[in-house]
Amino acid sequence: MKRTLAAAGLMAALTMVGCSQAPAEEAPAAAAAAVDVAAPAAPASVEPAASAAPAAAGAPAFAVIYPGGAPSGPATVARGPDGPGGILSFTTDATPEVVVDFYRRRAEAAGLASVMAMNTGEARAYGAAASDGSGKLLRVVATPVEDGPTSVQLDWTAGR
């Protein structure tokens with residue numbers, strides 16, 4: 001229960017960060033300042049090109065289910081001013097570090113820039129956005145569950 005609340009708190013923080021992004025020139029500096037300097041070196045991870053199912057019908061290439069992930073239900077999708085988007089919860093046996101690295105690589109491959117990274121205990125969070133004003137956005141929170149798999153919450157906006 002505590003880990004679920006921590007994940008919900010991280011997602012709320014990510015949402016706040018996404019809504020108050022700095023201009024494109026300031027985003028890299030803000031992202032660098034948010035990274036935990038004690039974070040481990042980049043872990044081995046699944047390459048962005050690895051086959052992964054879309055998080056929902058019509059989801060962008062950066063919004064996929066981590067390979068081998070088990071969704072807890074269908075994605076919740078909606079359309080907003082920045083285009084279609086959604087949120088999906090799933091579990092995986094991968095560590096939070098590996099999950100976040102997978103999504104960071106996918107975001108970078110899609111041309112998104114890192115705007116946020118956060119480490120709280122064993123939980124990891126990451127956010128990326130397009131710097132071209134298109135509204136493309138990716139956020140992921142990965143939280144280990146005691147004696148269980150990693151719980152992941154993924155949300156995205158496909159852009160206009």
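Select Phe102 to begin: in this predicted model, Phe102 has a relative accessible area of 0%, so it is buried. Now add Tyr66 to the selection. The ring centres of Tyr66 and Phe102 are 5.0 Å apart and the planes stand at 75 degrees, so this is an edge-to-face pair. Tyr66 comes from the loop between α2 (27–34) and β1 (70–71), while Phe102 belongs to helix α3, so the pair links parts that are 36 residues apart in sequence. With 6% relative accessibility, Tyr66 also counts as buried, the cut-off being under 20%.

Bring in Tyr103 next. Phe102 and Tyr103 make another edge-to-face pair, with 5.0 Å from centre to centre and 85 degrees between the planes. Tyr103 is buried too, its relative accessible area being 0%. Show the three rings together and you have one aromatic cluster of Tyr66, Phe102 and Tyr103. The count of aromatic pairs in the model comes to 2.

**Out from Tyr103**

Keep Tyr103 selected and display what surrounds it. Which residues does Tyr103 contact, once its neighbours within four places in sequence are left aside? They are Phe62, Val64, Ile65, Tyr66, Phe90, Tyr126, Leu138, Val140 and Leu154.

Widen the view to the largest nonpolar core, which has 28 residues. Tyr103 and Trp156 are the ones with the most contacts inside this core. To find the elements that supply two or more residues to the core, colour β3 (83–92), α3 (96–109), β5 (123–129), β6 (137–144) and β7 (150–157). Which of them gives the most? That is α3, with 6 residues. Apart from this core lies another one, of 6 residues, which includes Met116, Ala125, Ala129 and Val141.

**Along α3**

Now select the whole of α3. Its 14 residues should span 20 Å at 1.5 Å a residue, and the end C-alpha atoms are indeed 20 Å apart, so the two values agree. For the buried side of the story, pick Pro96, Val98, Val99, Val100, Asp101, Phe102, Tyr103, Arg106 and Ala107, which are the buried residues of α3. Turn on β3, β5, β6 and β7 as well, since they are included in what covers those residues. Then step just past the helix to Gly111, where phi is positive, at about 85 degrees.

Stay on α3 for its charged side chains. Select Glu108 and Arg104: they form a salt bridge whose closest N and O atoms are 3.1 Å apart. Both residues sit in helix α3, 4 residues apart, or about one turn of the helix. An α-helix has 3.6 residues a turn, so residues three or four places apart point the same way. Are these two partners buried, partly exposed or exposed? Glu108 has a relative accessible area of 41%, so it is partly exposed; Arg104, at 24%, is partly exposed as well.

**Across the strands**

Move to β7 and β6 and select Asp155 with Arg139. Their salt bridge has its closest N and O atoms 2.8 Å apart. Asp155 lies in strand β7 and Arg139 in strand β6, so this bridge ties together parts 16 residues apart in sequence. Here both partners, Asp155 and Arg139, are buried. Swing back to the helix to see salt bridges with shared partners: they join Asp101, Arg104, Arg105 and Glu108 into one network.

For another stop, select Arg160 and Asp82, whose side chains meet in a salt bridge of 2.1 Å, N to O. Arg160 is in the segment after β7 and Asp82 in the loop between β2 (76–80) and β3, so the pair connects parts that are 78 residues apart in sequence. Arg160 has 61% relative accessibility and therefore counts as exposed, whereas Asp82, with 32%, counts as partly exposed. The salt bridges in the model come to a count of 6.

**Last stop: β2**

From Asp82, select β2 and β3 together. A hairpin of 2 residues joins β2 to β3, and the two strands pair in the antiparallel sense over 5 bridges. To check the register, label Thr76 and look across to Ile87 in β3, which stands opposite. How many of the 5 residues of β2 are buried? The number is 0, so β2 lies largely in the open.

Methods: Residues are numbered from 1 along each chain as its sequence is written. This is a predicted model: local features need pLDDT of at least 70, side-chain atom pairs count only at pLDDT 80 or more; totals for chains, interfaces and linings use all residues. Side-chain values use heavy atoms; hydrogens and water are left out. A nonpolar core is a set of buried Ala, Val, Leu, Ile, Met, Phe, Trp, Tyr and Cys residues joined through side-chain atoms within 4.5 Å. Buried means under 20% relative accessible area, exposed over 50%, partly exposed in between (1.4 Å probe, protein chains only). Contact means heavy atoms within 4.5 Å. The expected span of a helix is 1.5 Å times one less than its number of residues. Rings of Phe, Tyr and Trp (its six-membered ring) pair if their centres lie within 6.5 Å; planes under 30 degrees apart count as stacked, over 60 as edge-to-face and the rest as tilted. A salt bridge is a side-chain nitrogen of Lys or Arg within 4 Å of a carboxyl oxygen of Asp or Glu. Two strands pair if DSSP finds at least two bridges between them.
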